[in-house]
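Reader: I should like to understand how the parts of this molecule are arranged. May we go through the structure by questions and answers?

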Amino acid sequence: VFDALSADARAITDDDGETVAWRWQVDGGVPVALKPVDAQNDETEDAPDWLMRTAPPAPRALRTLTPSKAGGYDDEDIDTVAVGDDPLSGLAPDRRGLLIHRLLERLPGIGHDRWHKVAEAYLHGAMPEIAPQNRAFLMEEVCAVLKSPQTQFLFEDGSSQAEVTVAGTVMIGGEPVEVRGQIDRLIVVDGTLHIVDFKTNRHVPDTRDAVPHNYVRQLALYRALMAPLYPDHAVKASILWTRTAVVMAVPEAMLDAALDRLIA
């Protein structure tokens, strides 16, 4: 590079005469002749109207919602209930949830006979302080989800996508709101778009009415964001409770009511 540029380069020296840099500059360019302006024949145009108008105020930034945190947290969202002698009850809920989510994302893509080996290697690397018997308990929970006949459609190749990042604008109360989030599983099959969120709570609600409000709001926002993209599909939102390997569909009326509360 230096050899190619050195013919037109000028050395920059310090007070001691040492070269500290080189400046590349081409000299000898042909100057452009300027044409004199004929004031008598000067053709000008009237200034456009916008030039003299005060600039309008900048548009207001859109309100942004993250579905998993929309509206704050309710007391019932905090997973503090231990189930029996659950070895994982002492593991922080967010950490436990992350591990289970990662395993449910990665294991479906490999053979059943390798599930335990791959899961053991992942858990040991991600959180080596977990006792081996506790890692085994967590692996059994994940494998029970993957083997359950009720959950098979969630992990079928070709129709299911894992950890889908989504972003867009939805209208809430007549106001555009920017929504950003990540859907645990998105499945398009038989004319239906399934939006499924994984919940790793140790305490699983017995009925839909007992589901924490934040969980329903989260699904309601995902549905509002995704439905316009699939106008010819029915849209179904569900929660997968990993503790019991149960898929709980959330009725449309509950989703609509959750958005109404968000507006209020």
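Reader: How are α3 and α4 oriented to each other?
Author: In this predicted model, the axes of α3 (residues 115-126) and α4 (residues 132-147) come within 10 Å and cross at roughly 135 degrees. Angles over 145 degrees count as roughly antiparallel and those from 65 to 115 as roughly perpendicular, with this angle in neither range. The two helices are therefore oblique to each other.

Reader: Which residues of α3 and α4 make the contact, and how do they divide into nonpolar, polar and charged?
Author: From α3 come Trp115, His116, Ala119, Glu120, Leu123 and His124. From α4 come Arg135, Leu138, Met139, Glu140, Cys143, Leu146 and Lys147. The residues of this contact divide into 7 nonpolar, 2 polar and 4 charged.

Reader: In the packing of α2 and α4, what is the angle, and are the helices parallel or oblique?
Author: The axes of α2 and α4 are 10 Å apart, and the angle is about 45 degrees. An angle must be under 35 degrees to count as roughly parallel. α2 and α4 are therefore oblique to each other.

Reader: What classes of residue make up the contact of α2 with α4?
Author: The crossing of these two helices is right-handed. The contact is made by Leu99, Ile100, Leu103 and Leu104 of α2 and by Leu138, Glu141, Val142, Val145 and Leu146 of α4. By class, the contact has 8 nonpolar, no polar and 1 charged residues.

Reader: At what angle do α2 and α3 cross, and how many residues of their contact are charged?
Author: The axes of α2 (residues 93-106) and α3 come within 11 Å and cross at roughly 145 degrees, in a right-handed crossing. Arg95, Leu99, Arg102, Leu103 and Arg106 in α2 meet Ala119, Tyr122, Leu123 and Ala126 in α3. The contact has 6 nonpolar residues and no polar ones, and the number of charged residues is 3.

Reader: Which side chain meets arginine 102 in a salt bridge?
Author: A search of the whole structure finds 6 salt bridges. Arginine 102 lies in helix α2, and a glutamate 3 residues away, about one turn of the helix, lies there too. Their side chains meet with a nitrogen-to-oxygen distance of 3.7 Å, and the partner is glutamate 105.

Reader: In what sense do β1 and β2 pair, and which residue in the turn has a positive phi?
Author: Strand β1 (residues 9-13) and strand β2 (residues 19-24) pair in the antiparallel sense over 5 bridges. One example of a bridge pairs arginine 10 with arginine 23 in β2. The two strands form a hairpin with 5 residues between them, and the residue in the turn with a positive phi, about 85 degrees, is glycine 17.

How values were computed
Residues are numbered from 1 along each chain as its sequence is written. This is a predicted model: local features need pLDDT of at least 70, side-chain atom pairs count only at pLDDT 80 or more; totals for chains, interfaces and linings use all residues. Side-chain values use heavy atoms; hydrogens and water are left out. Axes are lines fitted to C-alpha atoms, for helices over the stretch in contact, and angles run from 0 to 180 degrees between N-to-C directions. Helices (H or I, at least four residues) and strands (E, at least two) are DSSP runs, numbered from the N terminus. Contact means heavy atoms within 4.5 Å. Ala, Val, Leu, Ile, Met, Phe, Trp, Tyr, Cys and Pro count as nonpolar, Asp, Glu, Lys and Arg as charged, and the others, Gly among them, as polar. Two strands pair if DSSP finds at least two bridges between them. A crossing is left-handed if the near helix is turned anticlockwise from the far one by less than a right angle, and right-handed if clockwise. A salt bridge is a side-chain nitrogen of Lys or Arg within 4 Å of a carboxyl oxygen of Asp or Glu.
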